[in-house]
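Biologist: I am new to this structure and would be grateful for a guided account of it. May I put some questions to you once it is displayed?

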Amino acid sequence: MSQKNEFTLQQLLERVNSRRRSGDAGSDRVRTITARIVGDLFRAIDDLDVSADEFWAASDWLSRLGASGQMGLITAGLGFDRLLDIRDDEADRAAGRATGTPRAIEGPLYIAGAPLSRYEARVDEEGEQIPGEVMVMEGVVRDAQGRPVAGALVDVWHANEKGRYSHFDPDQKEFALRRRIETDAQGRYRFRSYLPPGYEIPPVGPTAELFQALGRHGNRPAHIHFLIAAPGQRVLTTQVNLPGDTFIDDDFAFATRDGLVVTLEPGTPAAGYESLGISAPFTRVQFDFTMQVARDEEESKPLARMARAVG
Ligand code: DHB
Ligand code: FE
């Protein structure tokens, strides 16, 4: 009897990775990447003697992960988001354009289309009881030559006092703690909010399950996100960290960067900040952003990661 359909692991892998419909349909890039990942997994299963029950439990976990919308938590927690930043940094160094404010991960919690204002904004909700220490963050957006960038769009978002983000938290108003600010003629922006606490992944769900099994926490230190765009400038996605947080050097998403830990100036007098509703000393954060020149129009588009990748 012929042995046409009895395979070893290696023979099966070759068949999986070489099978094609006749003609040239499909994508070579997708084929190459799929072949590599499937091959690596075949070998991992074999090397680690992964049982059928372990494989199907993992398959069930992945199905639940997809259904839960927590894919972006896992990519951050397993270091992929930071990996992409490391690779972009390396490419910048190789191209002689490693300048400006360091990039930091976007994270999975950005929402496009926040309310827009010029020069200044209240990022916290006016009229509500302030659930934290009043903060004003302000500074200038600059280009690579240090010149102010007028009309830059500064998109800012952060967690509330419970460490949760609007849109993903049904208890918050639409776009709560999310604003866009257009810099003035001198490239300045400023906003009022409150010092956010750190963030913790949802305690129940596929992400928490994996992290429990790994013996890892799911905490991020206190941070504020930015996505900054201007014509001719490369979009800058970054975060600043507030100093003093327990998790500042132990971020579950590995996103802290040494150049992005801000200084707090507590007790700054209220004078000059009346238009932000401030009448008592507050905590000030001064931070200038420096952008890179965009190499092409694509790089300057004010797009978040998913909009850039899949439209
Ligand atoms: C995650 C949460 C964040 O607030 C963030 O900035 C990055 C990642 C997360 O849950 O994965
Ligand atoms: Fe965040």
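Biologist: How many helices and strands are there in the protein chain?

Modeller: This is a predicted model, in which local features need pLDDT of at least 70 and side-chain atom pairs count only at pLDDT 80 or more, while totals for chains, interfaces and linings use all residues. Residues are numbered from 1 along each chain as its sequence is written, and chains are lettered from A and ligands numbered from 1 in the order in which they are written. Helices (H or I, at least four residues) and strands (E, at least two) are DSSP runs, numbered from the N terminus. On that basis the protein chain has 8 helices and 13 strands.

Biologist: What share of the residues in the protein chain is buried?

Modeller: A residue is buried if 20 or more other C-beta atoms lie within 10 Å of its own, exposed if 12 or fewer, and partly exposed in between, with C-beta atoms placed from the backbone. The protein chain has 311 residues, and the buried share is 29%.

Biologist: What distance separates the centres of domain 1 and domain 2?

Modeller: The domain bounds come from an automatic or database domain assignment. That assignment gives domain 1 as 11–16 + 26–50 and domain 2 as 71–310. Taken over C-alpha atoms, their centres are separated by 38 Å.

Biologist: What is the distance between the end C-alpha atoms of helix H3?

Modeller: Helix H3 covers residues 52–68, and the count of buried residues among its 17 residues is 0. The expected span of a helix is 1.5 Å times one less than its number of residues. For H3 this gives 24 Å, and the distance between its end C-alpha atoms agrees, at 24 Å.

Biologist: Which residues is Pro-206 in contact with, leaving aside its neighbours within four places in sequence?

Modeller: Pro-206 is found in helix H6 (residues 206–214) and counts as buried because it has 21 C-beta neighbours inside 10 Å. Its C-alpha atom is separated by 9.5 Å from that of Ser-63, although the two are 143 residues apart along the chain. Two residues are in contact if their C-beta atoms, placed from the backbone, lie within 7 Å. Leaving aside neighbours within four places in sequence, the contacts of Pro-206 are Trp-61, Arg-64, Leu-65, Ser-68 and Gln-70.

Biologist: Is strand E10 largely enclosed or largely open?

Modeller: Leu-236, Thr-238 and Val-240 point one way from E10, Thr-237, Gln-239 and Asn-241 point the other way, and all are buried. Because 6 of the 6 residues of E10 (residues 236–241) are buried, the strand is, with respect to the rest of the structure, largely enclosed.

Biologist: Which residue stands opposite Gln-239 in E10?

Modeller: Two strands pair if DSSP finds at least two bridges between them. Strand E9 (residues 223–229) and E10 pair in the antiparallel sense over 6 bridges. They form a hairpin with 6 residues between them, and Gly-232 in the turn has a positive phi of about 80°. Opposite Gln-239 stands His-225.

Biologist: Which helix gives the most to the shell around ligand 1?

Modeller: A residue is near a molecule or strand if its C-beta atom, placed from the backbone, lies within 6 Å of it. The residues around ligand 1 include Gly-72, Leu-73, Tyr-199 and Arg-220. With 4 residues (71–77 being the bounds of the helix), the element that gives the most to this shell is helix H4.
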